[in-house]
Amino acid sequence: MQRKEESRMSTPSGLKASYVDACNELNQAVNPFIEYMVDRAARSSRSFYDEFTLTLNGNSTLYPVQRLTDDDAAVLIRLLRRNIHITGLDLRFNNITNCGAEIIAKFLLETETFSDLNLMCNDIGSNGAEWLAKALQLNISVRHLRVNGNKIGNKGGMHFATMLQLNRTLESLDIADCDLGIQCVIGLATVLNHNKALKSIDVGRPLVYTLQEEMTVHMADMLHVNQSLQELHLARFEMKDFGVQQLCEQLANNKTLRYLDLRCNQISSDGANYLAELLKLNTPLKILDLSANRIGDDGLVYISEALRYLNDQLQGLSVTRNSITGVGLVAFANILKSNTTLSNVYIWGNEFDEEACIEFASLLKVGRLTSKQTDVSPYWIDGHVYLAELAHGLQMFYYWIPQYGVQDEAACNASMALLREPQSSMSQFNMEDTESSSTEKAHSSGSISGDSLHLLNN
């Protein structure tokens with residue numbers, strides 16, 4: 001049973017004082033970074049009833065950072081016990097170890113209001129993962145958990161697989177870059193045959209020591225049974241065309257998956273052809289990420305033909321860094337004139353010839369694409385048009401944040417906006433970009449030669 005003084009509630013305006021009191025009670029020195037961020041969060045709280053996530057990311061470049069340790073975690077937990085307004089905690093890129101994970105896990109056993117926990121890129125191992133997983137077996141409030149970047153290994157991953165057998169409230173789980181083994185990934189796929197609560201899972205970059213694609217096959221079989229999962233992230237999964245074929249065969253009958261992330265694999269034009277056949281079935285898939293593969297011109301042409309008339313569901317497509325030349329890019333640009341559903345396209349890192357640059361400059365000029373919906377922007381030199389990169393993408397700022405400037409969440413992490421409110425997001429992009437597009441058109445029209453303007457209009 002909690003002590004009376006630990007269970008009392010503080011108002012958001014008294015959050016800083018509550019943190020200092022907690023430090024004094026535990027004989028812990030005040031962390032100036034925590035003190036500053038707590039005070040900042042309290043000042044931004046609009047009312048007594050506001051719930052918010054306390055962000056204490058150790059990779060912040062805007063403030064002097066003293067990265068959090070296990071001792072800081074103990075103070076924060078005491079602070080959380082006194083403030084039910086704090087429903088989320090962002091502790092990414094700090095120095096929290098297994099001991100800190102144990103402290104947090106014990107708090108999860110007693111809370112009924114805490115919903116969001118981000119422990120990305122700390123120093124948590126398999127023992128810390130075991131504490132967190134066992135706590136989540138009984139917890140009924142946590143909805144989102146990110147432990148990616150912690151080397152919990154195959155053993156730690158198996159603890160989370162066991163947790164998913166009992167937990168019925170967790171909606172998103174990110175355990176990518178955790179050195180998971182084949183046994184763990186297969187275990188997670190098996191558990192998801194029965195778990196109906198989880199909507200998003202990221203198991204990217206497992207440790208693969210075989211040329212067989214057992215993990216992909218089990219994930220594909222899971223998609224045939226699971227009808228609740230909406231996001232599946234399989235980046236750096238050592239996936240080849242055979243694995244893509246297995247996924248597509250099972251996704252043909254899946255009615256819930258909306259986001260398929262296949263970044264950084266070994267998918268060629270044959271794999272893209274399987275995906276094109278899937279797109280022709282007009283499944284509910286809204287976002288497809290093929291960044292950093294090798295689909296080439298043929299692969300993009302296959303996908304373009306599928307999107308021309310047979311698909312009105314896909315809204316976001318990324319084919320960055322795929323060894324695509326002007327031939328494939330021009331074919332893709334042409335289908336965007338007939339397909340009006342695909343709103344977000346990302347093509348940087350391929351080989352742009354002048355014809356491809358002209359086509360995409362034209363799409364931006366007429367408003368078919370806006371600058372917030374793509375990662376390229378046209379510019380003109382001596383009457384010739386070129387494309388420059390924009391820091392926009394489906395998940396641009398996930399492991400890192402920009403050092404300066406204002407982060408436009410809807411443009412930089414477009415996948416979140418598309419999944420949250422697809423139609424509203426598209427309208428938001430168009431409304432916000434109308435004024436800037438008009439300005440760009442007026443500026444560019446004064447710098448384009450007559451021949452180039454004629455090419456754009458055609």
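Leucine 54, L54, stands opposite L89 in strand 2. I begin with that pair in this predicted model, and work outwards from there. The two strands concerned are strand 1, residues 52-55, and strand 2, and they run parallel, joined by 4 bridges. Between them the chain goes through helix 4, residues 70-82, and the β-α-β crossover from strand 1 to strand 2 is right-handed.

Now the other side of strand 2. L89 also stands opposite L117, which is in strand 3. Strand 3 covers residues 116-118, and its pairing with strand 2 is parallel, over 3 bridges. The connection is again a β-α-β unit: strand 2, helix 5 at residues 98-108, then strand 3, and the unit is right-handed.

How many residues of strand 2 are buried? The count is 5 of the 5, residues 86-90, so the strand is largely enclosed by the rest of the structure.

Next, the sheet as a whole. These strands belong to an open sheet of 11 strands, paired in parallel, and the order is 1-2-3-4-5-6-7-8-9-10-11. Which strands stand at the edges? They are strand 1 and strand 11, the latter at 344-346; each has a single partner strand, so one side of each has no neighbour in the sheet. From one strand to the next, the twist averages 5 degrees.

Further along the sheet, strand 5, residues 172-174, pairs with strand 6, residues 200-202, in the parallel sense, with 3 bridges. There, L173 has I201 in strand 6 as its bridge partner.

Let me move to the helices. Two packed helices are described by the angle between their axes and the distance between the axes. I have two pairs to show.

The first pair is helix 6, residues 126-138, and helix 7, residues 153-166. Their axes come within 8 Å and cross at roughly 0 degrees. Angles under 35 degrees count as roughly parallel, so helix 6 is roughly parallel to helix 7. On the helix 6 side the residues in contact are S126, A129, E130, L132, A133, L136 and Q137, and they meet K155, G156, H159, F160, T162, M163 and L166 on helix 7. Sorted by class, this contact has 7 nonpolar, 5 polar and 2 charged residues.

What do the buried residues of helix 7 pack against? They pack against helix 6, strand 4 at 144-146, strand 5, and helix 8 at 182-191. The buried residues themselves are G153, G156, G157, H159, F160, A161, M163 and L164.

The second pair is helix 11, residues 269-280, with helix 12, residues 296-309. Here the axes come within 8 Å and the crossing angle is roughly 5 degrees. By that angle, helix 11 is roughly parallel to helix 12. Helix 11 contributes S269, A272, N273, A276, L279 and K280 to the contact, and helix 12 contributes D298, G299, Y302, I303, A306 and L307. The contact of helix 11 with helix 12 divides into 7 nonpolar, 3 polar and 2 charged residues.

One residue in helix 9, residues 214-225, is worth a stop: T216. Is T216 buried or exposed? T216 is buried, at a relative accessible area of 2%. Leaving aside residues up to four places away in sequence, T216 touches F237, M239, G243 and L247.

Now some backbone angles. Most residues other than glycine have a negative phi, and most peptide bonds are trans. D179 has a phi near 60 degrees, a positive value in a residue that is not glycine. D179 sits in the loop between strand 5 and helix 8. With a relative accessible area of 24%, D179 is partly exposed.

C264 is another case, with a positive phi near 55 degrees, and is not glycine either. The loop that holds C264 runs between strand 8, at 259-261, and helix 11. C264 is partly exposed, and its relative accessible area is 34%.

Where is D382? D382 is in the turn of the hairpin formed by strand 12 and strand 13, which has 2 residues between the strands, and D382 has a positive phi of about 55 degrees. Strand 12, residues 376-381, pairs with strand 13, residues 384-389, in the antiparallel sense over 6 bridges. Within that pairing, P378 has L387 in strand 13 as its bridge partner.

To close, back to the starting point: L89 stands opposite L54 and opposite L117, in a strand whose residues 86-90 are buried.

Terms used. Residues numbered from 1 in each chain as written. Predicted model: local features only at pLDDT ≥ 70, side-chain atom pairs only at ≥ 80, totals over all residues. Heavy atoms only, no water. Buried < 20%, exposed > 50% of the residue type's maximum accessible area, 1.4 Å probe, protein only. Pairing = 2+ DSSP bridges. Right-handed = clockwise from strand over helix to strand, strands pointing away. Axes fitted to C-alpha atoms, helices over the stretch in contact; angles between N-to-C directions. Parallel < 35°, antiparallel > 145°, perpendicular 65-115°, else oblique. Contact = heavy atoms within 4.5 Å. Nonpolar A, V, L, I, M, F, W, Y, C, P; charged D, E, K, R; others polar.
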